[in-house]
Amino acid sequence: MGIVLKHVERTKTGSFQYRRRVPKDVAANITKREFKRKLGDSQKEALAAYPRYHAEVEREIAEAKLGRVRSESAGNPGASEREAYAEALRRRADLIAAGATEEALEHEADSLADGYPQDDWEPQGVPPVERHAINLMRLGPDRYRPPEPTLGDARRLYLKEHLNAGSPEADSRVTGLANRVIEAAIAAMGRDPVLTSITREDARLVRDHMLDRVKVSGDKVSAATVSRELSIITAVVNFAKREFGLGEVVQNAFSQLPVARIAKGRGQKASEKRGPLPPKVLAETRKRVVANAAPELALVWRLVEGTGCRIAEVTGLRAEDVDASGDLPHIRIEPHDLRRLKTESS
């Protein structure tokens with residue numbers, strides 16, 4: 001043939017046929033192993049039949065890719081650009097492990113790109129994983145670097161690596177609070193900021209947004225609560241600095257951010273602090289517990305009332321945590337496999 005057509009070969013009998021393997025990334029959506037059709041016995045017939053069948057194949061591959069992308073998106077709707085890059089990098093590594101050469105990677109990139117509408121020779125509407133995969137296969141990880149980590153990336157890493165989110169040992173209350181606080185910070189800034197771009201002004205915006213919140217009772221959230229939440233954001237950013245290797249590149253804008261002075265002492269006055277239960281309430285509670293509760297619950301209440309411990313700290317006590325042998329009987333509140341502490345300072 002004077003003109004070389006992609007995916008067209010001449011058979012032993014002299015006819016022309018279209019033959020193309022189904023791309024690996026859509027093999028689960030297209031059950032056959034290859035596209036194959038006779039185009040004609042002559043070059044003229046092949047040239048006439050090729051455009052229609054090639055467009056048909058391209059359309060089927062594109063629809064299969066779209067179905068796979070939708071499935072992946074449904075399974076991981078919150079995937080970030082950095083996570084998409086990591087998935088694309090894994091795909092490239094799988095191809096190399098299977099023996100793909102640089103030329104084969106280039107061909108795979110072209111095949112991926114060809115499945116999407118083209119505008120000025122660039123594919124349009126490409127999902128993040130495919131977009132990163134195309135660039136990685138063409139340029140390699142040394143020339144095409146991963147996206148800079150965002151606050152959302154820092155949150156995911158902190159929940160997974162520091163709080164063991166998703167594991168049986170994870171404290172759902174702690175992970176849930178950390179997740180909500182970072183989500184609120186991202187919402188206050190109106191974007192998921194790259195860590196290196198967060199300024200002190202951004203941090204003040206988040207702080208002021210937190211101070212302006214109103215509880216169900218109608219009162220504003222206390223400065224003490226906002227300080228605790230900002231300490232969580234500070235911890236997440238510090239953890240990300242270390243784990244992402246950012247070092248001095250990132251200055252933690254949330255560190256030592258003044259709260260009480262800005263809130264004009266709200267939540268700091270003695271009259272506004274939560275005091276202990278009044279003696280009358282304690283006496284009435286004790287009477288009801290003794291009269292109605294099971295003996296075990298009565299003992300739990302006795303320890304809570306006498307020590308000020310949290311309920312979980314008392315119910316999580318082990319025999320070795322109780323020392324009644326000396327002149328000063330006492331209990332030890334320590335984290336262990338059966339119960340974590342609410343905070344490190346506990």
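In this predicted model, helices α2 and α4 are oblique to each other, because their packing angle of about 50° falls in neither the parallel, antiparallel nor perpendicular range. Their axes lie 8 Å apart, and α2 passes α4 in a right-handed crossing. From α2, the residues E81, A84, Y85, E87, A88, L89, R91, R92 and L95 take part in the contact, and they meet P128, V129, E130, R131, H132, A133, L136 and M137 of α4. Sorted by class, this contact comprises 10 nonpolar, 1 polar and 6 charged residues.

**Further packing of α2**

Helix α2 (residues 81-97) also packs with helix α3 (residues 102-114), their axes coming within 10 Å and crossing at roughly 135°. That angle makes α2 oblique to α3. The crossing of α2 past α3 is right-handed. On the α2 side the contact consists of R92, L95 and I96, and on the α3 side of E102, L105 and E108. These residues divide into 3 nonpolar, no polar and 3 charged. R92 and L95 appear in the contact of α2 with α4 and again in the contact of α2 with α3.

**The α6 and α7 pair**

Helix α6 (residues 172-189) and helix α7 (residues 200-211) have axes that come within 9 Å and cross at roughly 110°. The two helices are therefore roughly perpendicular to each other. Their crossing is right-handed. V181, A185, A188 and M189 of α6 form the contact with D202, L205, V206, H209 and M210 of α7. By class, the contact residues are 7 nonpolar, 1 polar and 1 charged.

The three helix pairs are set out below.

| Helix pair | Axis distance | Crossing angle | Handedness |
|---|---|---|---|
| α2 and α4 | 8 Å | about 50° | right-handed |
| α2 and α3 | within 10 Å | roughly 135° | right-handed |
| α6 and α7 | within 9 Å | roughly 110° | right-handed |

**Nonpolar cores**

In soluble globular proteins, nonpolar side chains tend to be buried together. The largest nonpolar core in this model has 36 residues, and those with the most contacts inside it are L151, L195, V206, L230, I233 and F254. Helices α5 (151-162), α6, α7 and α8 (223-243) each supply at least two residues of this core. The largest share, 9 residues, comes from α8. V206, one of the residues with the most contacts inside the core, is also among the α7 residues that meet α6.

Beyond residues up to four places away in sequence, L230 touches R207, M210, F254, L257 and V259. Another core, of 15 residues, lies apart from the largest one and includes L5, Y18, F35 and Y50.

**Individual residues**

E148 is found in the loop between α4 (128-139) and α5. With a relative accessible area of 47%, E148 is partly exposed, because this value lies between the 20% limit for buried and the 50% limit for exposed residues. When neighbours within four places in sequence are left aside, E148 is in contact with R82, D153, V194 and T196. Of these partners, R82 falls within the residue range of α2, 81-97, and D153 within that of α5, 151-162. T196 is 48 residues from E148 in sequence, and the C-alpha atoms of E148 and T196 are 8.2 Å apart in space.

Two residues other than glycine carry positive phi values. H7, in the segment before β1 (8-10), has a positive phi of about 70°. Q256 has a phi near 55° and lies in the loop between α8 and α9 (279-292). At 76% relative accessibility, Q256 counts as exposed, because this value is over 50%.

**The chain as a whole**

The protein chain contains 11 helices and 7 strands. Of its 346 residues, 35% count as buried. Among contacts with a separation of 6 or more, residues 24 or more positions apart account for 56%. One pair with a separation beyond that limit is E148 and T196, 48 residues apart in sequence and in contact.

How values were computed. Residues numbered from 1 in each chain as written. Predicted model: local features only at pLDDT ≥ 70, side-chain atom pairs only at ≥ 80, totals over all residues. Heavy atoms only, no water. Axes fitted to C-alpha atoms, helices over the stretch in contact; angles between N-to-C directions. Helix = DSSP H or I, 4+ residues; strand = E, 2+ residues; numbered from the N terminus. Parallel < 35°, antiparallel > 145°, perpendicular 65-115°, else oblique. Left-handed = near helix turned anticlockwise from the far one by under 90°. Contact = heavy atoms within 4.5 Å. Nonpolar A, V, L, I, M, F, W, Y, C, P; charged D, E, K, R; others polar. Core = buried A, V, L, I, M, F, W, Y, C linked by side-chain atoms within 4.5 Å. Buried < 20%, exposed > 50% of the residue type's maximum accessible area, 1.4 Å probe, protein only.
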